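Here is a briefing on one protein model. Look over the sequence and the fold before reading on.

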Amino acid sequence: MASVGIRDVRKAFGSTQVIHGVNIDINDGEFVILVGPSGCGKSTLLRMIAGLENISGGDIRIGDRVVNDVPPKERDIAMVFQNYALYPHMTVADNMAFSMKLRGAPKSEIEARVNKAAGILGLEKLLDRYPRQLSGGQRQRVAMGRAIVRDPQVFLFDEPLSNLDAKLRVQMRTEIKELHQRLKTTTVYVTHDQIEAMTMADKIVVMHDGIVEQMGAPLELYDRPANLFVAGFIGSPAMNFIRGKVRAGAPASVVTDAGGAFPLAIAPQGSDGRPVVYGMRPEHIHLDPNGLPAEVVVVEPTGSETQVVVRVAGSELVCVFRERITAGPGETIRISPDPKLVHVFDAETGKRLG
């Protein structure tokens with residue numbers, strides 16, 4: 001196992017800059033997820049760690065060694081791809097053993113490692129099958145087994161669950177997390193799915209347009225997003241945003257152009273009259289007989305919760321209630337965000353206030 005250090009790393013394709021001076025420290029044994037929308041640079045950064053893309057500037061360090069000019073096969077990493085990348089003419093056992101055979105490892109060592117990895121992943125009964133005889137989840141386990149057999153210092157995962165159905169993705173999330181807890185190998189994982197990031201990571205790195213917007217523990221990013229982008233990206237359903245101006249005093253609030261007053265526990269220092277964006281997570285909005293009147297637009301029951309789209313003070317908001325809602329479209333309910341859990345961002349810079 002080893003730490004990974006990324007220092008002022010840049011990447012350009014011709015005159016187009018796609019990674020802009022990224023700095024990330026990944027501790028030995030840590031599970032770090034790079035997350036962001038398509039085109040943010042997360043997969044490019046992962047491929048640079050793997051040595052599959054040259055870097056245009058900066059340093060990448062694995063353990064104590066700068067690996068900028070080290071070939072991929074000498075970096076002591078193992079990568080799991082989105083499309084599994086299994087050899088169709090080889091059995092599961094041969095796929096898992098292939099890298100060790102190329103290294104000329106003794107047959108007894110290869111068999112021991114393959115059997116150990118198969119035991120970890122529940123593949124013992126599938127070792128003689130071919131990839132075409134496996135389900136998507138089983139193929140992904142084989143790809144993971146091939147990585148485990150190499151016993152690398154660092155695992156790299158490039159959106160490994162994208163080709164699986166919803167139920168299997170949930171199952172594989174749990175299996176990958178359990179695998180990391182068992183092996184304790186440093187892991188860098190790329191996904192566009194913030195639910196994967198929240199449920200699996202020790203540390204999340206949120207990327208956007210080739211820069212790091214924020215990094216930290218999952219609940220740290222959920223509770224205190226640094227800016228509007230992170231606030232809108234982390235959390236499902238996404239955070240609601242309303243523009244207005246701070247009205248300090250007792251009680252403090254944010255007043256919209258349409259006249260709605262949304263409560264604040266306390267106004268950020270020196271913010272009276274300041275244009276802001278007021279953020280409310282759907283799960284932090286509650287039914288309140290004394291709250292703001294809201295016209296119901298859409299009701300979406302999911303069983304344990306009910307998601308309701310409402311129109312209030314000229315804006316549409318998404319609310320998530322644990323209670324069963326009997327009101328239908330066109331009817332009025334009264335809602336109130338929890339003032340202790342709302343977020344306030346500067347309207348011009350998008351940065352968090354307070």
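The notes below cover the sheets, the helices and two single residues.

This is a predicted model: local features need pLDDT of at least 70, side-chain atom pairs count only at pLDDT 80 or more, and totals for chains, interfaces and linings use all residues. Residues are numbered from 1 along each chain as its sequence is written, and side-chain values use heavy atoms, with hydrogens and water left out. Helices (H or I, at least four residues) and strands (E, at least two) are DSSP runs, numbered from the N terminus.

**Six-stranded sheet**

- Six strands form an open sheet with mixed pairing, in the order S6-S7-S8-S3-S9-S10. Two strands pair if DSSP finds at least two bridges between them.
- The edges are strand S6 (77-80) and strand S10 (211-216). Each has a single partner strand, so one side of each lacks a neighbour in the sheet.
- On average, neighbouring strands of this sheet are turned by 15° against each other, direction ignored.
- H4 packs on the sheet and touches S6 and strand S7 (154-158). The direction of H4 makes about 175° with that of S6. Axes are lines fitted to C-alpha atoms, for helices over the stretch in contact, and angles run from 0 to 180 degrees between N-to-C directions.
- Strand S3 (residues 31-35) and strand S9 (residues 203-208) run parallel, joined by four bridges. Val-32 stands opposite Lys-203 in S9.

**Four-stranded sheet**

- A sheet of four strands is open and antiparallel, with the order S2-S1-S4-S5.
- Strand S2 (16-26) and strand S5 (65-66) are at the edges. Each has a single partner strand, so one side of each is left without a neighbour in the sheet.
- Two bridges pair strand S4 (residues 57-62) with S5 in the antiparallel sense. Ile-62 has Arg-65 in S5 as its bridge partner.
- Helix H1 (residues 42-50) lies across strand S1 (4-13), S2 and S4. It runs at about 115° to S1.

**Helix H5**

- Helix H5 (residues 166-183) has 18 residues. From first C-alpha to last it reaches 26 Å, close to the 26 Å expected at 1.5 Å a residue. The expected span is 1.5 Å times one less than the number of residues.
- Leu-168, Met-172, Arg-173, Ile-176, Leu-179 and His-180 are buried in H5. Buried means under 20% relative accessible area, exposed over 50%, and partly exposed in between (1.4 Å probe, protein chains only).
- These buried residues cover an arc of only 145° around the axis, which puts them on the same side of H5. The arc is that of the directions from the helix axis to the C-beta atoms.
- Lys-167 and Arg-182 are exposed on the other side of H5.
- The cover over the buried residues of H5 includes S3, H3, H4, S7, strand S8 (186-191) and helix H6 (194-200).
- Asp-165 caps the N-terminal end of H5, with a side-chain oxygen 3.2 Å from the backbone nitrogen of Lys-167.
- Just after H5, Lys-184 takes a positive phi of about 60°.

**Helices H2 and H3**

- In helix H2 (residues 92-102), the buried residues include Val-92, Asn-95, Met-96 and Met-100.
- The buried residues of H2 pack against helix H3 (107-121) and helix H4 (136-149).
- Gly-104, just after H2, has a positive phi of about 75°.
- H3 buries Ile-110, Val-114, Ala-117, Ala-118, Ile-120 and Leu-121. They fall within an arc of 160° seen down the axis, so they line one face of H3.
- Ser-108 and Lys-116 are exposed on the other side of H3.
- H2, H4 and H5 are among what covers the buried residues of H3.
- Gly-122, just after H3, takes a positive phi of about 70°.

**Two residues to inspect**

- Val-149 is in helix H4. It counts as buried because its relative accessibility is 1%.
- Leaving aside neighbours within four places in sequence, Val-149 is in contact (heavy atoms within 4.5 Å) with Met-96, Met-100, Arg-113, Val-114 and Ala-117.
- Asn-227 is in the loop between helix H7 (218-223) and helix H8 (228-233). It counts as buried at 12% relative accessibility.
- The side chain of Asn-227 makes a polar contact with the side chain of Glu-213 (2.9 Å). A polar contact is a pair of N or O atoms within 3.5 Å; within protein, one must be able to donate a hydrogen and the other to accept it, and residues adjacent in sequence count only if both atoms are side-chain atoms.
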